[in-house]
Structure formats: C-alpha cells, structure tokens
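The following note sets out points on the sheet, the chain contact and the symmetry for a colleague at the bench. It is to be read with the sequence and the structure at hand.

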Amino acid sequence: MKIFFQHIQVSTRNRTELIDITRDVEQVMQKSKITDGMCLIHTTHSTTAIIVNEHETGLTNDIVKKIRQDFPKGAGWLHDRVDDNADAHLAASYLGPTSIFPVQDGMLIRGTWQNIFLLELDGPRNRRVIVEIMGE
Amino acid sequence: MKIFFQHIQVSTRNRTELIDITRDVEQVMQKSKITDGMCLIHTTHSTTAIIVNEHETGLTNDIVKKIRQDFPKGAGWLHDRVDDNADAHLAASYLGPTSIFPVQDGMLIRGTWQNIFLLELDGPRNRRVIVEIMGE
Amino acid sequence: MKIFFQHIQVSTRNRTELIDITRDVEQVMQKSKITDGMCLIHTTHSTTAIIVNEHETGLTNDIVKKIRQDFPKGAGWLHDRVDDNADAHLAASYLGPTSIFPVQDGMLIRGTWQNIFLLELDGPRNRRVIVEIMGE
C-alpha cells in the first residue's frame with residue numbers, strides 16, 4: 001500500500017472565480033507512481049470549494065453568476081458582523097471542500113468533460129489544495 | 001489490500017430522472033469479496049450526479065421538481081449558445097459526481113432509507129457509473 | 001493496511017441544527033493509531049447531512065436560516081403526504097451524507113476554520129455518525 005501527498009498552490013485574482021487544477025492533479029498522480037486506488041482533492045479553506053465539470057468559458061462564467069445569485073453578498077447575514085464574507089462561507093458549506101476520483105492504470109477515471117476546479121469565493125488570495133493518492 | 005472496479009450501465013428515459021442503482025452497487029460489492037474498506041460510486045458525465053436518499057416515489061418526484069426549479073432551463077446561460085444544456089451542467093456542478101460509503105463485514109454501511117441514485121439531468125442517454133471498492 | 005470504525009452518537013435538540021463533531025472525529029482518529037490515510041465521516045440518516053465550515057455562532061445561524069429559506073417546509077411536496085418532512089429529505093439530498101479528509105502524521109488535514117458538523121434537518125432525534133479511518 002502506498003500513500004502520496006502533495007500541495008498545489010493557487011493564486012486567485014477575483015473575488016469569485018473557477019481555477020482549473022486538472023493538470024496539476026494529474027501531475028501529482030504521475031509523481032505518485034500509484035497505479036490503482038483513489039485520489040482525494042481537498043481544499044483546506046472555508047471560503048473555497050472543489051467543483052467538477054466542463055471547462056468551457058461560457059459555462060464557468062455561468063457557474064460564477066449562479067453562485068452569486070444563490071449566495072448574495074451582504075444579505076443581512078450575522079457572520080458579516082464578524083467578517084464581511086458570509087456569502088462565501090455559505091456557498092462553501094453547500095458545495096463542499098472535497099472531491100474524490102477512482103484511479104486505475106495510473107490515471108484518474110474521469111469523463112472527457114470532467115475537469116477539476118478550485119472555486120474561489122472570497123479572493124483574491126493565495127490558496128492551498130491537498131492532493132492525496134492512496135492505493136498500490 | 002484489494003481493489004475492485006466495475007461499471008454499471010444505465011439507460012435513462014427522461015431529461016431529468018432519478019435511477020436507483022443501489023442493487024447494482026451491492027452486487028459489485030458481493031463480487032469484490034472485499035469485507036472492509038470504502039466503496040466509491042462515480043459518474044463520469046458532467047450532466048449527471050450521484051444522490052443518496054430515500055426511494056419513495058413522491059420524494060423522487062419532489063427532488064426532480066426542486067432541481068428543475070433551482071436550475072431552470074434556458075435562463076439566459078452563456079453555455080446554452082454552445083450546447084443547450086447549461087442548466088444540467090449547473091445542477092451537476094452543485095450536486096457532484098461522487099458518493100463514497102464505508103464497507104464493513106462485506107456490506108455498505110448505509111441507512112434503511114439511504115438508497116443510491118444516478119441523477120440524469122440531460123437525458124435520455126446511455127450512462128456509465130464506476131464502482132470502486134478498496135479494502136481487504 | 002489498517003481499517004478502524006467507530007460510531008458517534010449525537011442527540012439533537014432542534015428541528016434544524018448544526019452539531020460540531022470535530023472533537024469526536026479527532027478522538028476516533030487518535031484511537032485508530034493510523035498515521036496516514038483517509039478519514040470518512042458518514043451519517044446513515046436521510047434527513048441529516050455532513051457540513052464542513054467555520055464554527056462561529058453567527059455563521060452557524062446563517063447556515064440554518066439559509067437552509068430553511070432554500071428548502072421550505074410544507075411547500076406542497078408529494079412526500080409530505082407520506083411523512084411530513086420532504087424539506088429535510090430535499091436538503092439532505094443536495095448536501096450529502098458524507099465528508100472525507102486526508103490523514104497525515106496522525107492528524108486530519110483540515111484548515112483552521114474547517115470544523116465538521118452534523119446537520120440535523122428533522123430533529124430533535126438520536127443520530128448516529130460512522131467514522132472510518134483507512135490507511136497505515
């Protein structure tokens with residue numbers, strides 16, 4: 001049994017933004033030399049999430065727009081009295097900090113239109129995503 | 001350490017639909033002969049998701065209705081200019097392609113009212129769900 | 001390879017409520033004596049979910065308020081004819097029964113503001129959360 005960890009550093013530029021980290025995750029996969037198992041992608045921040053979907057510019061803009069609509073900033077949240085980003089925490093709570101993929105023959109099992117994104121909800125900031133691969 | 005993979009083929013009949021795949025997943029479990037570990041259920045499509053909840057006909061209809069309300073078709077999304085299914089991608093982004101269950105004594109640890117569903121968001125289509133069991 | 005299971009018992013007091021179970025999960029971690037691997041937190045009920053975010057009282061109240069807004073009780077759901085809690089099942093379907101964390105050096109890899117909560121959606125009740133740690 002092998003377990004391999006690596007961080008991905010991401011610098012975000014906007015308050016709400018999707019950053020494609022698929023290539024970074026797959027580079028960690030190759031370095032791990034694990035052929036079969038599971039690959040966990042986990043963001044350690046409470047105002048980010050991991051999203052899996054198609055990398056098409058229209059769609060990534062739609063996702064950002066939808067999240068801003070569903071989790072509006074400054075809508076009278078109590079947490080805004082402490083730190084003015086309740087909307088970001090609410091979206092992160094709904095969407096979750098983690099995604100996990102099957103790994104077979106040294107590759108993530110993912111569909112052609114399944115890219116992996118860090119969703120920034122309170123940027124711009126420097127963010128850290130953990131990739132862990134466990135298997136053999 | 002053992003790792004077992006199998007696909008489940010699902011043919012969906014409606015645009016938005018829940019298909020109960022619990023029995024299929026449990027058959028893969030039995031074939032794997034793994035007694036303790038984790039069972040990952042992953043759909044490789046970006047217009048489907050995995051949902052875990054009770055199999056009661058009223059409820060599955062409620063879930064479909066709620067998803068259509070929350071992710072309306074043709075609401076001016078940019079991705080609709082490329083492929084007329086942005087609503088399906090948005091719902092899949094929120095709900096996620098994966099569920100993972102603990103496995104103990106050769107069984108999924110799941111509650112009496114926890115069934116596993118493939119959520120079709122842009123059917124009818126032929127879909128593929130990967131089941132991976134890792135453990136011993 | 002080691003696999004360790006333990007239940008956490010939670011008694012909830014309100015219909016909708018967040019219960020911080022981070023300390024309980026970390027106690028299971030320590031008992032497991034597993035240093036590297038993955039930690040799966042799974043609720044076996046279809047009217048609860050697992051949420052990961054900051055433990056700040058304003059924010060936990062905001063999350064409860066947002067869920068009640070997004071999944072209103074008694075909004076004409078079919079499942080309410082069977083059991084008067086369709087809103088709870090809908091929220092649980094969206095938010096999911098599971099979270100999984102990387103484990104390194106005997107600790108969960110989690111951010112400073114990433115606490116683990118059981119989300120009660122149809123309390124008060126006695127609830128059971130499974131913690132499984134797999135690794136070495």
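1. Two strands are taken to pair if DSSP finds at least two bridges between them. The model under discussion is predicted. In chain C, five strands form an open, antiparallel sheet with the order E1-E8-E3-E5-E6. Strand E1 (2–11) and strand E6 (107–108) of chain C are the edge strands, and each pairs on one side only.

2. Within this sheet, strand E3 (residues 37–43) of chain C runs antiparallel to strand E8 (residues 126–135) of chain C, and seven bridges join the two. His42(C) has Ile130(C) in E8(C) as its bridge partner. Helix H1 (residues 22–32) of chain C packs on the sheet and touches E1, E3, strand E5 (98–104), E6 and E8 of chain C. The direction of this helix makes about 40° with that of E8(C).

3. The contact between chains A and B takes 28 residues from chain A and 26 residues from chain B. On the chain A side, strand E3 (37–43), strand E4 (48–53), helix H2 (57–70) and strand E5 (98–104) each supply at least two residues. H2(A) gives the largest share, six residues. By class, this side of chain A has twelve nonpolar, nine polar and seven charged residues.

4. A turn of 120° with a shift of 0.0 Å along the axis lays chain B on chain C with an RMSD of 0.0 Å. That is the relation of a three-fold axis. Met1(B) is the residue of chain B that comes closest to the rotation axis, at 4.0 Å (C-alpha).

5. Only 7% of the interface residues of chain B are also interface residues in chain C, so the copies meet through different surfaces.

How values were computed. Residues are numbered from 1 along each chain as its sequence is written. Chains are lettered from A and ligands numbered from 1 in the order in which they are written. This is a predicted model: local features need pLDDT of at least 70, side-chain atom pairs count only at pLDDT 80 or more; totals for chains, interfaces and linings use all residues. Helices (H or I, at least four residues) and strands (E, at least two) are DSSP runs, numbered from the N terminus. Two residues are in contact if their C-beta atoms, placed from the backbone, lie within 7 Å. Axes are lines fitted to C-alpha atoms, for helices over the stretch in contact, and angles run from 0 to 180 degrees between N-to-C directions. Ala, Val, Leu, Ile, Met, Phe, Trp, Tyr, Cys and Pro count as nonpolar, Asp, Glu, Lys and Arg as charged, and the others, Gly among them, as polar. Copies are superposed by least squares on the C-alpha atoms of residues with pLDDT of at least 70 in both.
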